[in-house]
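Here's a quick tour for anyone meeting this structure for the first time. Have a look at the model, then read on.

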Amino acid sequence: MLWQQLANGATMGMIYALITLGLTMVYGVLRILHISHAGIFAFGGYIAVAASRVSQNLALVVAAAMLGCGIMGVLMQKWLYRPLLAESKVVSLIASIGMFIFMEDLFRLMAGPYVLPLPVLAPLGLDRFETAHITGNQLVVLIASIALLIVAWFLINRTRLGLAWRATEQDFETASAFGINIDRAVASNFFLGSAVAGAAGVLVGFYYNSVYPTMGSVPAYKAMAIAVMGGLGNVWGTVIASLILGLVETFLVTSPLAFILPRDSIAFVALILVLLFRPHGLFGRR
Amino acid sequence: MLVVKDLEVRYGDINVIHGISFDIDEGESVAIIGANGAGKTTLLRTLMGLHLEFQGTILLDGEDIGRLPAWERSGRGLAMVPEGRRVFPDLTVEENLAIGAYSRTDRQEIEKSMKEVYTLFPILDQRKRQVSKTLSGGEQQMLAIGRAFMANPRLLLVDEVSTGLMPIFVDKVFDALSELNRRGVSILLVEQNARKSLSTMSRGYVLETGRISLEGSSEELRSNPEVQRAYLGI
């Protein structure tokens with residue numbers, strides 16, 4: 001029972017980490033609260049549904065969703081955020097919320113208000129694997145998300161492109177004076193963040209075997225809460241905060257406390273506490 | 001090399017620079033001295049491409065670069081030591097230097113430049129894995145110069161390097177600039193510290209509230225009674 005709970009919690013936690021990673025990357029570069037990131041997450045689920053008609057291979061479906069969502073993210077940055085960059089940040093926040101609502105309704109119009117199944121198969125027959133502690137699907141989600149997080153970490157911290165992102169984040173003017181094409185740095189940053197969100201959308205769809213128009217609603221705001229808890233812009237803080245939240249949620253629903261504290265409220269209670277006592281995030285620096 | 005003609009720069013509704021013209025030859029070192037608020041920083045930002053609200057022409061090797069974004073000017077041999085140093089605070093010393101070389105692709109040459117920076121400023125070598133916000137002001141200024149050196153520039157724009165530094169660091173920083181100039185880098189320096197800049201650079205301009213009021217070789221300017229009274233405190 002304990003191990004099952006740990007596996008459930010860790011799986012949720014890694015998915016939260018994937019969703020929040022893109023959010024925190026975008027915040028780092030543009031200082032924008034990118035709510036419609038969760039729309040891109042749901043878009044990933046829908047791309048997967050469409051792609052699953054062609055191939056049931058999970059890896060291929062994830063790749064298709066990452067590509068589609070990455071492009072979507074770049075377009076959103078070009079046409080939604082860039083024209084608003086000179087305005088107050090509240091303007092882009094409102095635009096972002098509007099875009100998110102628009103996307104949810106677009107999914108409803110195009111695919112119907114139903115919960116669609118996502119018939120994809122895990123590689124290596126892992127979906128038939130099962131022990132008393134962990135299911136094959138959980139294993140797939142865990143491995144895929146850890147792999148994606150490591151790739152993202154490597155890109156950010158160990159490549160020339162990542163160096164350009166970090167420099168742009170800290171001082172875009174000086175970065176541009178040393179030859180960094182700011183437009184391209186921001187666009188590629190959006191691409192990666194959105195692609196990772198798309199992968200998260202597929203993995204959630206696969207894990208619960210369901211894709212629906214409002215699947216991004218709760219993650220939209222929960223990811224915001226996690227990003228603040230982890231310290232905005234801090235990748236490892238994000239991962240740890242996500243894991244803690246995934247585990248606490250899982251253990252709490254089976255405890256007597258669940259009666260007064262429903263699962264989805266925990267992130268927001270934690271958000272309030274963090275803002276009250278540690279406004280720079282659990283691991284944030286001043 | 002650099003020719004500036006009738007440059008007028010605005011910040012919103014305010015005219016900061018009212019039509020100035022000057023030039024810098026290959027290998028020259030030129031100082032623009034002036035008081036606080038004379039428009040020196042604005043001038044350098046405009047030359048680098050960080051400020052685009054201006055009229056007039058900026059020619060680099062006879063080509064108009066006025067409409068190019070900063071990152072393309074960097075590729076053409078311009079580099080900057082910005083006001084207030086502006087090192088990337090959360091990047092290490094080594095990463096800051098790597099950003100300096102961002103426009104370059106010649107790996108071995110970049111390695112070589114990095115070694116040269118460490119020879120010029122051994123303290124940076126000792127601190128290379130340190131995050132640069134933990135450096136002292138003087139060390140950050142050396143890093144800012146080292147970073148610009150890494151760009152292998154043909155023309156280095158230097159903004160107020162002496163501000164906020166202990167005198168011993170000021171000497172060190174100016175020595176480094178002369179050394180760069182000896183190696184063939186042209187330098188355009190804007191400074192409040194007229195004494196130091198006129199003794200290090202070969203030629204100078206005096207900028208007063210957005211206009212050039214005097215120009216000449218450093219010796220001429222140093223012996224000019226106007227300059228002596230207003231800027232050298234003699």
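When two helices cross, the crossing is called right-handed if the near helix is turned clockwise from the far one by less than a right angle, and left-handed if it is turned anticlockwise. Keep that in mind while looking at chain B of this model, which is a predicted one.

**Two helices that cross**

By that rule, H3(B) and H6(B) make a right-handed crossing. H3 covers residues 93–100 of chain B and H6 covers residues 137–150 of chain B; their axes come within 6 Å and cross at roughly 40°. Angles from 35 to 65 degrees fall between roughly parallel and roughly perpendicular, so H3(B) and H6(B) count as oblique to each other.

Who touches whom? On the H3(B) side, the contact uses B:Val93, B:Asn96, B:Leu97 and B:Gly100, and these meet B:Leu143, B:Gly146, B:Arg147 and B:Met150 of H6(B). Sort the residues of this contact by type and you get 4 nonpolar, 3 polar and 1 charged.

**Two loop residues with positive phi**

Now for the loops. B:Arg86 has a positive phi although it isn't a glycine, and B:Asn152, also a residue other than glycine, has a positive phi as well.

| Residue | Phi | Loop in chain B | Relative accessibility |
|---|---|---|---|
| B:Arg86 | about 50° | between strand E6 (78–81) and H3 | 29% |
| B:Asn152 | near 50° | between H6 and strand E7 (155–159) | 49% |

Are these residues buried or exposed? B:Arg86 is partly exposed, because its relative accessibility is 29%. B:Asn152, at 49%, counts as partly exposed too.

Key
Residues are numbered from 1 along each chain as its sequence is written. Chains are lettered from A and ligands numbered from 1 in the order in which they are written. This is a predicted model: local features need pLDDT of at least 70, side-chain atom pairs count only at pLDDT 80 or more; totals for chains, interfaces and linings use all residues. Side-chain values use heavy atoms; hydrogens and water are left out. Axes are lines fitted to C-alpha atoms, for helices over the stretch in contact, and angles run from 0 to 180 degrees between N-to-C directions. Helices (H or I, at least four residues) and strands (E, at least two) are DSSP runs, numbered from the N terminus. Angles under 35 degrees count as roughly parallel, over 145 as roughly antiparallel, 65 to 115 as roughly perpendicular and the rest as oblique. Contact means heavy atoms within 4.5 Å. Ala, Val, Leu, Ile, Met, Phe, Trp, Tyr, Cys and Pro count as nonpolar, Asp, Glu, Lys and Arg as charged, and the others, Gly among them, as polar. Buried means under 20% relative accessible area, exposed over 50%, partly exposed in between (1.4 Å probe, protein chains only).
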